[in-house]
Amino acid sequence: FESIFSAYACEISSGVDANKVILKIKSVTIDDDLFSSYFQTASIKETTVSRYILTEIYNLENGGELKINTNSAEVNLEHIMPQNKKRWNVSEEDHKRYLYYLGNQTLLLSSDNTSASNDSFSEKKIVYSRSKLKQNQELMNYNVWGKEEIETRQERLLKTALKRWKV
């Protein structure tokens, strides 16, 4: 998008009607409704993409008071409902569907992520309680972790994402 928007800026500088350029911009972007519909069911398997999105959302929510460390060796992507579901009472279908939802992912110090690993949700909550991130502290408000909780958290993340990537 950087090269596209740069070209549009040059057009405006050269005297092209700004309204025409705005129409061009709208043709290569999506509106909030379409963004929302995609985000609500976003299942992202690529760790770097999930880390980027969560980092941007968390940084905005934290208002600059606490910046996310982007070093993946120090801060890991954590699956709240783990990739290995042995200790979790979740159907294969729900595990497959919700595992990579952003609402099921968070950022956690590497040492804590290793500690939480595939533990039950109640055991993971002990690890989350030590986190300085309010997003992990919020997980303490849940007694169980399943599809409803993942969808609820995904909706909450969407509200911030709409502010972060406002078109």
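Select Ala7. Ala7 is partly exposed, at 37% relative accessible area. Here buried means under 20% relative accessible area, exposed means over 50%, and partly exposed is in between (1.4 Å probe, protein chains only). Ala7 sits in helix H1, residues 2-13. Helices (H or I, at least four residues) and strands (E, at least two) are DSSP runs, numbered from the N terminus. Now add Asn19: 12 residues separate Ala7 and Asn19 in sequence, and 15 Å separate their C-alpha atoms.

A word on the model before moving on. This is a predicted model, in which local features need pLDDT of at least 70 and side-chain atom pairs count only at pLDDT 80 or more, while totals for chains, interfaces and linings use all residues. Residues are numbered from 1 along each chain as its sequence is written, and side-chain values use heavy atoms, with hydrogens and water left out.

**Whole chain**

Zoom out. The chain has 9 helices and 2 strands. Their order along the sequence is α-α-α-α-β-α-β-α-α-α-α. The C-alpha trace spans about 65 × 35 × 25 Å along its principal axes. Of the 167 residues, 41% count as buried. Contact means heavy atoms within 4.5 Å. Among contacts between residues at least 6 apart in sequence, 65% join residues at least 24 apart.

**Ile25**

Go to helix H2, residues 18-27, and pick Ile25. Ile25 is partly exposed, with a relative accessible area of 23%. Leaving out residues up to four places away in sequence, Ile25 touches Phe5 and Tyr8. For a long view, select Lys159 too: Ile25 and Lys159 are 134 residues apart along the chain, and their C-alpha atoms are separated by 23 Å.

**Helix H9**

Select residues 147-164. This is helix H9, with 18 residues. From first C-alpha to last, H9 reaches 25 Å, close to the 26 Å expected at 1.5 Å a residue. The expected span is 1.5 Å times one less than the number of residues. Colour the buried residues of H9: Glu149, Ile150, Arg153, Gln154, Leu157, Leu158, Thr160 and Ala161. An α-helix has 3.6 residues a turn, so residues three or four places apart point the same way. What covers the buried residues of H9? The cover includes helix H3 (32-40), helix H4 (47-61), helix H5 (92-98), S2 and helix H8 (134-137).

**Aromatic pairs**

Show the rings. The structure holds 6 aromatic pairs. Rings of Phe, Tyr and Trp (its six-membered ring) pair if their centres lie within 6.5 Å; planes under 30 degrees apart count as stacked, over 60 as edge-to-face and the rest as tilted.

Start with Tyr52 and Trp165. This pair is tilted, at 6.2 Å centre to centre with 50° between the planes. The pair links distant parts of the chain: Tyr52 is in helix H4, Trp165 is in the segment after H9, and they are 113 residues apart. Tyr52 is partly exposed, at 42% relative accessible area. Trp165 also counts as partly exposed, at 24%.

Next, Tyr142 and Trp145. They form an edge-to-face pair, 5.1 Å centre to centre and 85° between the planes. Tyr142 is partly exposed at 21% relative accessible area, whereas Trp145 counts as buried at 6%. Add Trp88 and Phe121: ring pairs link Trp88, Phe121, Tyr142 and Trp145 into a cluster.

**Helix H6 and the loop after it**

Pick Ala116 in helix H6. Is Ala116 buried or exposed? Ala116 counts as buried, at 0% relative accessibility. Not counting residues up to four places away in sequence, Ala116 touches Glu78, Lys124 and Val127. Ile80 lies 36 residues from Ala116 in sequence and 8.9 Å away, C-alpha to C-alpha.

Step on to Ser117, in the loop between helix H6 (110-116) and helix H7 (121-129). Most residues other than glycine have a negative phi. Phi of Ser117 is positive, near 35°. Ser117 is partly exposed, with a relative accessible area of 35%.

**Last stop: a pocket**

Select Val75, Leu109, Ser131, Lys132 and Leu133. Of the 13 residues that line the second largest pocket, these are the closest to its centre. On a 1 Å grid over the protein atoms alone, a pocket is an open set of points where a 1.4 Å probe fits, with protein on both sides within 12 Å along at least five of seven lines; lining residues have an atom within 4 Å of a point. The second largest pocket has a volume of about 230 Å³. Strand S2 (residues 105-109) gives the most to its lining, with 3 residues.

Key. Points joined across faces, edges and corners; volume = space filled by probe spheres on them.
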